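Biologist: Could you walk me through this one? I'd like to start with how the strands pair up.

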Amino acid sequence: ISAGTLSVNTIADSGTSAIGNAGTLTLSGGKLSYTGAAATTTARTVTVSGTASIIDLPNGNLELNTISGGTITKTSAGTLTLSGSADNASFGLTVNGGTVILNKASTSTVHGVGAATTVNSGGTLQLSGTGGDQIYSGVTVTVNSGGVFDANGLSEGLTSLALNGTGISSSGALVNSAASTTSTLTCTFPLGADTSIGGAGNLTLTGVMSGAHALTYLGNGILTLSSANTFTLGLTINAGSTVLLNAAAGAGTGTVTINGNGILKLNAAVVFANTITGGATSVITVSTASGNTSMTGDLSTFTGTVNCNGGQTLISAANNAAHPINAAATWNIANGATLDMATPYVTDAASVIVNGVGNNAFGCLRLDACNQTGPVLLNAANCTIGNGNAAASTISGVISDGGHGYGFTRTGTVNNTLILSA
């Protein structure tokens, strides 16, 4: 087919078939429109030249086992599945409608696509099959506004996945639709517009996300950002969603906004410098197992809970003093973890819940020349509070134990003075 449209309602390798049962199908500029309502499969070889050929599926679905060369534009609502165990060498896609499923028994030499691929508004490109190599590593995939890349519970490596917009029905330009799975995508992630990521399953993105745009996560799983990202207009975590940062600049350079009961998890012993905002039900969780996790950004509009669940959470920067955490917020320090509030951060008005002993000799709540003006709740029988600074520390907030009769042990060897002034 080199021009015009060939419209057929049957395609088969045996029995009734409008294009016969065998032989190579060559597309060099025309349109093949399969109008049948039934799903059909052909194992014949399809060769493509140029970029002007179209496969149109207005009613049914079509499965092809071998297609190579050139670029096909997929149109209409049906599903095109690329299966088999032969490499689709140098083959690219433009998905203008419906879904294209990459379903190869893939290997390092067998791929579903081997050239630049674009997903436009109303189109979906979905991973499937086996082998974790549906896309050749040298390929760039661009998802334009209204299009979707669905990892579908699988992992993939490619050169780049450029993201734009909010996807179909504002559900995300990038999704993992498979609940209770984790998809890891390894490539760069240029943002060409403000972008949403969603889906039912977990997504781990390994590679730099860049661009003068914002990212919103609205999925039901966990989005893990593992690289030092450079996107500049902020990260928004929707209510009910969770984002985990494995690198200092995981959230880029803008403000992190936590909506409703969204959760931001910090999972590295590094300095997180982003401004963080959130309401009463919003959560920040420090889950680093050891070392110092510092938050040096503006926390003055964060009124939720900070769970210090591992290592030592360090609040000690000049910017912390200039923009202290909101007095309506709560520090919740787990047994075996430490919250260290140190000069020049000399006043903390937020509430503190102490749940046991600390990560080090200076206590679960460590006040390094800091005045804890907010209330302190002792929530376990073995709580420790200490000081690692040469200057005295103060608790001027009310200390309570919820009626349990708990006390606390004063720890630390640098300065033995802890002033209780409530």
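**Strands and core**

Modeller: Before anything else, please keep in mind that this is a predicted model. As a first detail, R366 stands opposite G386, a residue of β39.

Biologist: Which strand is joined to β39 there, and by how many bridges?

Modeller: That is strand β36, residues 365-368, which runs parallel to β39, residues 383-386, and is joined to it by two bridges. Both belong to an open sheet of seven strands with parallel pairing, ordered β26-β29-β31-β33-β36-β39-β42.

Biologist: And which strands are at the edges?

Modeller: The edges are β26, at 271-272, and β42, at 408-411, each of which pairs on one side only.

Biologist: Switching topic, what do the side chains along β4 do?

Modeller: They alternate along residues 40-48, with T40, T42, R44, V46 and V48 buried and pointing to one face, whereas T41, A43, T45 and T47 point to the other face and are not buried.

Biologist: Which strands does β4 pair with?

Modeller: Strand β2, residues 25-27, runs parallel to β4 and is joined to it by three bridges, with L27 opposite V48. Strand β6, residues 62-68, also pairs with β4 in the parallel sense, over six bridges, and there E63 is the bridge partner of T41.

Biologist: Okay, now the largest nonpolar core: which residues touch the most other members?

Modeller: Those are F149, L161, W331 and L365, in a core of 91 residues, and strand β17, residues 182-199, supplies the largest share of that core with five residues.

Biologist: What is F149 in contact with, leaving aside neighbours within four places in sequence?

Modeller: Its contacts then include L125, L127, I135, V141, V143 and L161, and A173, L174, V175 and L185 are also among them.

Note on methods: Residues numbered from 1 in each chain as written. Predicted model: local features only at pLDDT ≥ 70, side-chain atom pairs only at ≥ 80, totals over all residues. Heavy atoms only, no water. Pairing = 2+ DSSP bridges. Helix = DSSP H or I, 4+ residues; strand = E, 2+ residues; numbered from the N terminus. Core = buried A, V, L, I, M, F, W, Y, C linked by side-chain atoms within 4.5 Å. Buried < 20%, exposed > 50% of the residue type's maximum accessible area, 1.4 Å probe, protein only. Contact = heavy atoms within 4.5 Å.
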